[in-house]
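User: I'm new to reading protein models and would like a close look at one part. Could you walk me through some of the charged pairs and how open their surroundings are?

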Amino acid sequence: MIMLFGSQRDYDAITGKGRDAWPVEEVAAMHAFMEKWNRELVESGEFVDAQGLTAPVHARRISLRDGAPVVTDGPYAETQEVLAGYTIVECDSFDRATEIAARLADTPHPAGATTQGEWHVDIRPIAETTAGFDL
Amino acid sequence: MTGTAVPEDLLRGLAPQVLGAVVRRYGHFDLAGDAVQEALLAAARQWPDQGVPGDPRAWLITVAARRLTDLLRAEQARRRREDAVAQWAVRRTAPPADRVPADADDTLILLFLCCHPALSPASQIALTLRAVGGLSTAEIARAFLVPEATMTRRITRAKQRIKDSRIPFAPPAAADRPARLAAVLHVLYLIFNEGYAVTSGPSLTRADLSAEAIRLTRLVHRLLPGDPEVTGLLALMLLTDARRPARTGPHGELIPMNEQDRSKWNAAYIAEGVDLLSEALPKGEPGPYQIQAAIAALHDEAPTPEATDWPQIRALYEVLMRSSDNPVVALNHAVAVAMTDGPRTALDLVDALRPRLAEDHRLYAVRAHLLEMAGDIDGARAAYQEAARRTHSLPQQRYLNARAARLASPG
């Protein structure tokens with residue numbers, strides 16, 4: 001599973017909010033890049049599933065307070081990076097998944113775009129709970 | 001490969017007729033679907049070399065029937081191994097030779113079966129696209145952005161459900177017919193909207209869904225040419241889809257109707273939609289699809305936004321509101337009122353809808369437009385921002401934020 005991260009500020013920039021708003025052609029270039037990345041995975045047969053998440057401002061957190069569940073709206077600070085989407089690939093090796101994810105480093109973005117800290121994506125193998133029980 | 005490719009349209013068009021005929025003769029809706037798919041594959045493989053047979057439909061039915069027999073034998077053998085009684089053998093023999101098989105009716109019955117109220121809307125859609133549309137499971141899964149395994153499960157469950165409920169492959173009773181036809185039209189409408197509502201990103205495959213909905217609705221219109229709501233739905237789809245080329249800018253950004261380049265609208269679709277509508281409207285009390293088509297036609301026929309016949313649109317929304325208590329219809333009505341009576345009157349109507357649409361970004365987007373029309377720039381900006389916060393769609397957020405930003409820096 002390749003996990004992509006973003007902050008509320010990134011979402012705001014992409015949706016044209018505030019001073020850091022990306023120009024529309026930059027957003028289109030980014031979408032086109034992501035689509036191409038995705039399409040290549042579908043064509044190589046390595047694609048399993050991909051979903052994007054809505055902005056952190058739409059998130060809710062459910063926590064326990066004194067034993068009772070409490071629901072909080074949008075608990076993330078606007079600069080905090082949270083999961084923005086994921087892509088699941090099925091490929092030959094962990095190294096191949098790493099290679100696929102590393103291509104994202106070329107994702108286009110406006111020259112002046114503010115990025116919060118270092119850019120990163122995470123890759124984690126999905127636990128195969130049934131492995132070993134087939135035979 | 002020496003021959004020419006088999007036109008996909010030919011196979012797509014034959015698929016529901018062949019499936020309908022095979023199910024009518026032999027039953028087994030679930031296995032018949034697989035048998036027909038294999039017959040279509042065989043056709044795609046063999047026809048380019050051997051030529052298209054004289055009666056392609058009969059060829060496909062024969063091959064599918066043979067394949068169904070194999071599948072039934074395998075199933076039978078499996079069941080025997082499980083010690084089950086094989087009492088489900090071929091349900092009916094071929095129809096009497098003196099009866100002309102009604103292919104058109106078969107397709108219609110197939111549609112009624114796929115849109116049966118015992119199934120969830122998601123299953124109705126999936127089954128209709130698979131059985132009547134002849135789309136592969138992978139194609140349907142891609143269009144609805146779900147993994148193929150999910151779509152396979154959905155279709156399998158729907159087929160199982162039809163099998164378990166023993167719904168016969170027969171036209172619905174006369175009393176059920178209007179409700180069943182309404183379910184079919186609703187499913188086609190949902191398929192169209194699924195393809196039309198998306199504006200960017202991985203949406204390219206979903207535009208195909210609108211095209212597929214139009215193709216299937218044309219099919220229903222051919223089968224039931226006298227039904228004014230079927231005609232109305234086809235007109236509505238054509239008149240709406242006509243605006244697609246102008247709805248988004250070069251970078252996928254949303255363009256509101258009054259800023260669209262009307263020369264990009266699909267004139268052929270508009271002409272066809274208007275013709276269909278003029279044919280349907282005189283046939284008695286118009287249903288909701290005809291009224292919505294009439295509204296779409298008024299927009300499409302206006303040479304400029306200013307020349308739009310807003311009093312007529314407003315009156316049509318009032319007719320729609322009488323037949324259904326839908327707050328979104330009321331919201332659209334308010335927009336028409338703004339154009340006839342001014343934004344302040346419309347704002348009162350919108351505010352009255354607040355309790356019913358409190359969570360809906362559309363209410364705030366309409367308020368924002370009305371406040372902007374009324375010259376309340378600060379109020380409009382705040383409403384655009386509020387609408388942007390409430391929608392989950394990134395292209396819509398982008399559009400609403402851009403409106404807010406434009407009001408922040410005039411000029």
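Analyst: Let's start with B:Arg314, which is partly exposed in this predicted model, at 23% relative accessibility. That label fits because buried would mean under 20% and exposed would mean over 50%. B:Arg314 makes a salt bridge with B:Asp341, and their closest N and O atoms are 3.0 Å apart. This pair ties together distant parts of the chain: B:Arg314 sits in helix α14 (residues 310–323) of chain B, B:Asp341 sits in helix α15 (residues 327–341) of chain B, and the two are 27 residues apart. The partner, B:Asp341, is partly exposed as well, with a relative accessible area of 42%.

Now for a pair within one helix. B:Arg215 has a salt bridge to B:Glu212, again with 3.0 Å between the closest N and O atoms. Here B:Arg215 and B:Glu212 are 3 residues apart in helix α9 (residues 204–223) of chain B, so about one helical turn separates them. Their surroundings don't match, though: B:Arg215 is partly exposed at 29% relative accessible area, whereas B:Glu212 is buried at 6% relative accessibility.

You'll see a similar split in the next pair. B:Arg362 bridges to B:Asp360, and in this case the closest N and O atoms are 2.8 Å apart. B:Arg362 counts as partly exposed, at 39% relative accessibility, while B:Asp360 is buried, with a relative accessible area of 17%. That 17% still earns the buried label because the cut-off is under 20%.

Salt bridges can also join up into groups. Have a look at B:Glu38, B:Arg67, B:Asp70 and B:Arg73, which are linked in a network of them. And if you're wondering about the whole picture, a search of the entire structure turns up 27 salt bridges over all chains.

For a contrast with the charged pairs, try B:Ala383. You can find B:Ala383 in helix α18 (residues 377–390) of chain B, and this residue is buried, with a relative accessible area of just 3%. Setting aside neighbours within four places in sequence, B:Ala383 is in contact with B:Tyr364, B:Arg367, B:Ala368 and B:Leu371. If you want a sense of scale, pick out B:His28 too: B:Ala383 and B:His28 are 355 residues apart along the chain, and their C-alpha atoms are separated by 56 Å.

Terms used: Residues numbered from 1 in each chain as written. Chains lettered and ligands numbered in written order. Predicted model: local features only at pLDDT ≥ 70, side-chain atom pairs only at ≥ 80, totals over all residues. Heavy atoms only, no water. Salt bridge = Lys/Arg side-chain N within 4 Å of Asp/Glu carboxyl O. Helix = DSSP H or I, 4+ residues; strand = E, 2+ residues; numbered from the N terminus. Buried < 20%, exposed > 50% of the residue type's maximum accessible area, 1.4 Å probe, protein only. Contact = heavy atoms within 4.5 Å.
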